[in-house]
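Here is an informal walk through one model, from a metal site to the strands and the empty spaces. Have the viewer open as you read.

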Amino acid sequence: MRQTANTHLVLLGTSGGPLPSPSRAGIAQAVVVGGRAYLVDCGYGATRQLRRARLLTSLAGVFLTHLHSDHDCDYFNLFLLGWPLLQHLPPVPVHGPGSAGGLDSLPPDEPDAAAFPVVSPAHPTPGLIDSTAYRFAAHAYDINARIRDSGRSDLRELVVPQEIAVPAALGARGPDRVAPAMDPIPVMENEDVRVSAVLVHHPPVFPAFAYRFDTADGSVVVSGDTTPSANLIGLARGADILVHEVYTDEPAGGRDGDHDDPPTLESVRRRRHLVTSHTPLSEVGAVAARAGVRRLVLTHFIPGDDELPDEHWTDGVTGFDGEVVVGQDLLDLTV
Ligand SMILES: [Zn+2]
């Protein structure tokens, strides 16, 4: 890899979960190397945040960790809305998950309950390539009109979706065998950066990836959404920066006086999802320590609405001697 200067990581958005936060943009971050920006995830507001960071016209690649809406909702908006600027750039490769594998990859119906409704039953788990085609079809009128009316380029040529092949020999599948032990998969390499990925444990989602960016200046790993993950620890071994998701239990007493309310089925399921699919603040330090990283950058905050002071997050990290950074939108870190 060629020697570059000023490789850096920009946290574009740091909120976890789909509900837009009043104080944080949706999850997205960019690794900038050799003057080119590689975007990891496209949460709510990612395109605007890229413009605020003056990185949109440096966009050279997109890497989606998984197809939850808080990670990909602005993926197509990036091109649909960024088109006037992006049409002057080379086509942008978008790397991400293939199909989860159909209805059987989703959580099964629950005994003694009505069957879950199924959206798009003929194709209930589209991967990156099909979901991109559906997005083009949904926006065909706007795109066709602007090509004729504004002299725009063919938007389809700007977006190059590429699904990451998971080795079949792993026997990985949703919803219950989502992250068997594996070596990193090579995803992309050029003269500035080498990108690799592993499956992480974010059931029932499959596939869900973490990414590692190796450059001449250092290395950055982005966890995506995961519980503490042995695959991630292997991927992050010795990295300069580990960007890791985190949740914390809400302060005692709950919020907004709702502590007297009995738990609802929705709140019970939400709690179950947090515990079985995400990383608690009390355990994220051990992940960073086992990986031997230099800096731990917390992001994808749940809750993500800034009711908690930074000290809540830093004080909650235990067992890690390196630097802990509480992520905030547009924070720019040199690698
Ligand atoms: Zn997720």
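Let's start with a histidine: H66 sits at 0% relative accessibility, so it counts as buried, since the cut-off for that is under 20%. Keep in mind that the model is predicted. H68 has 26% relative accessibility and therefore counts as partly exposed.

Both histidines belong to the zinc site. The zinc ion is held by H66 through NE2, H68 through ND1, H202 through NE2 and D225 through OD, at 2.2 to 2.3 Å. Along the chain, these donors are spaced as H-x1-H-x133-H-x22-D. What is the geometry of the site of the zinc ion? It's irregular, with angles of 92 to 163° among the four donor atoms. For four donors, tetrahedral would need all angles between 85 and 135 degrees.

Now for the strands, beginning with β2 (residues 28–33). Six of its six residues are buried, so the strand is largely enclosed by the rest of the structure. Both of its faces are covered: A28, A30 and V32 are buried on one side, and Q29, V31 and V33 on the other. β2 has antiparallel neighbours. Strand β1 (residues 8–13) pairs with β2 over five bridges, in the antiparallel sense, with H8 opposite V32. Strand β3 (residues 36–40) is also antiparallel to β2 and joined to it by five bridges; here Q29 has V40 as its bridge partner. β2 and β3 make a hairpin with two residues in between, and G34 in that turn has a positive phi of about 60°.

Strand β5 (residues 92–96) is mostly covered too, with four of its five residues buried. Its pairings are parallel: two bridges link β5 to strand β4 (residues 59–63), and five link β5 to strand β6 (residues 159–163). On the β4 side, F63 has H95 as its bridge partner. On the β6 side, P93 stands opposite V160.

Next, the empty space. How many cavities of 30 Å³ or more are there? The count comes to two. Here they are alongside the largest pocket:

| Space | Volume | Lining by class |
|---|---|---|
| Largest cavity | about 50 Å³ | three nonpolar, six polar, three charged residues |
| Second largest cavity | about 40 Å³ | four nonpolar, no polar, four charged residues |
| Largest pocket | about 1,400 Å³ | 18 nonpolar, twelve polar, eight charged residues |

The largest cavity brings back some names from earlier: its lining includes the zinc ligand D225 as well as Q29, along with others such as I27, D41, H71 and E245. Strands β11 (241–247) and β12 (295–302) each supply at least two residues of that lining. As for the second largest cavity, it is lined by R24, F301, P303, D305, D306, E307, L308 and W313.

The largest pocket has 38 lining residues, and those nearest its centre are H68, L106, P107, P204 and V205. Helices α4 (128–138) and α7 (265–277) are the elements that give two or more residues to this lining. Which element gives the largest share of the lining of the largest pocket? That's α7, with seven residues.

One residue is worth picking out at the end: H68 coordinates the zinc ion through ND1, counts as partly exposed, and is among the residues nearest the centre of the largest pocket.

Definitions and conventions
Residues numbered from 1 in each chain as written. Predicted model: local features only at pLDDT ≥ 70, side-chain atom pairs only at ≥ 80, totals over all residues. Heavy atoms only, no water. Donors = N, O, S within 2.8 Å, 3.2 Å for Na, K, Ca; no water. Tetrahedral: all angles 85-135°; square planar, octahedral: opposite > 155°, others 65-115°. Buried < 20%, exposed > 50% of the residue type's maximum accessible area, 1.4 Å probe, protein only. Pairing = 2+ DSSP bridges. 1 Å grid on protein atoms, 1.4 Å probe; cavity = no way out; pocket = protein on both sides within 12 Å on 5 of 7 lines; lining within 4 Å. Points joined across faces, edges and corners; volume = space filled by probe spheres on them. Nonpolar A, V, L, I, M, F, W, Y, C, P; charged D, E, K, R; others polar.
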